[in-house]
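This report introduces a protein chain to a reader who has not met it before. Please keep the sequence and the structure in view while reading.

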Amino acid sequence: MNHTPAPWKWGPTMNSERAFVVEGKGGTVAFARTEANTRLISAAPELLEALKLIVEDMRTPALVSLYGAERVQKLFDAIAKAEGKAKV
């Protein structure tokens with residue numbers, strides 16, 4: 001299943017100033033209790049896209065050697081988690 005396309009926007013819910021809603025083109029994506037969590041959730045599509053661009057360049061042995069296999073693996077693991085492909 002694909003995620004709701006970006007951009008995701010956020011703001012306070014209509015029912016409470018202490019709760020926030022994240023909305024995308026398809027409607028509500030998430031609710032959060034803090035503004036910090038809401039900002040992070042709303043940035044998720046752009047963060048995933050940026051991470052995928054970075055990883056494309058890191059497939060060369062030289063870059064894996066430069067940054068370290070463990071760090072590069074963390075990037076791949078984060079993408080897999082976001083796409084529902086992570087090992088549970």
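Two strands count as paired if DSSP finds at least two bridges between them. The model shown here is a predicted one, and its strands are a good place to begin.

**The sheet**

Strands β1 and β2 run antiparallel and are joined by four bridges, and within this pairing the bridge partner of K9 is E23 in β2. Strand β2, which covers residues 20-24, is also joined to β3, in this case by five bridges and again in an antiparallel manner. The two strands β2 and β3 form a hairpin, with two residues between them.

Taken together, the three strands make an open sheet in the order β1-β2-β3, with antiparallel pairing. Because β1 (9-12) and β3 (27-32) each have a single partner strand, they stand at the edges, and one side of each is left without a neighbour in the sheet. Direction ignored, neighbouring strands of this sheet are turned by 25° against each other on average.

The table lists residues of β2 with the residues that face them in β3.

| Residue in β2 (20-24) | Residue opposite in β3 (27-32) |
|---|---|
| V21 | F31 |
| V22 | A30 |
| E23 | T28 |

E23 thus appears in both pairings, since it stands opposite T28 in β3 and is also the bridge partner of K9.

How much of β2 is buried? Four of its five residues are buried, so β2 is largely enclosed by the rest of the structure. One element that lies across the sheet is helix α1, which crosses β1, β2 and β3 and runs at about 10° to β2.

**An aromatic pair**

A search of the whole structure finds one aromatic pair. The rings of W10 and F20 have their centres 5.8 Å apart and their planes at 70°, and because an angle over 60 degrees counts as edge-to-face, the pair is described in that way. It links distant parts of the chain, with W10 in strand β1 and F20 in strand β2, ten residues apart. The two partners also differ in their surroundings: W10, at 34% relative accessibility, counts as partly exposed, whereas F20, at 10% relative accessibility, counts as buried.

**Helix α3**

Helix α3 comprises 14 residues, 69-82, and at 1.5 Å a residue it should span 20 Å, which agrees with the 20 Å that separates its end C-alpha atoms. In this helix, V72, I79 and A80 are buried. Because these three cover an arc of only 100° around the axis, they lie on the same side of α3.

What covers the buried residues of α3? The cover includes helix α1 (35-57) and helix α2 (61-67). The face of α3 turned away from its buried side carries the exposed residues E70, R71, K74, K81 and A82. After the helix comes G84, whose phi is positive, near 75°.

**A residue of helix α1**

Residue L47 has its place in helix α1, where it is partly exposed, with a relative accessible area of 48%. Along the chain L47 and R71 are 24 residues apart, and their C-alpha atoms are separated by 17 Å. R71 itself is among the exposed residues of α3, on the face turned away from the buried side of that helix.

Methods: Residues numbered from 1 in each chain as written. Predicted model: local features only at pLDDT ≥ 70, side-chain atom pairs only at ≥ 80, totals over all residues. Heavy atoms only, no water. Expected span 1.5 Å × (residues − 1). Buried < 20%, exposed > 50% of the residue type's maximum accessible area, 1.4 Å probe, protein only. Arc of directions from axis to C-beta. Contact = heavy atoms within 4.5 Å. Axes fitted to C-alpha atoms, helices over the stretch in contact; angles between N-to-C directions. Phe/Tyr/Trp six-rings, centres within 6.5 Å; stacked < 30°, edge-to-face > 60°.
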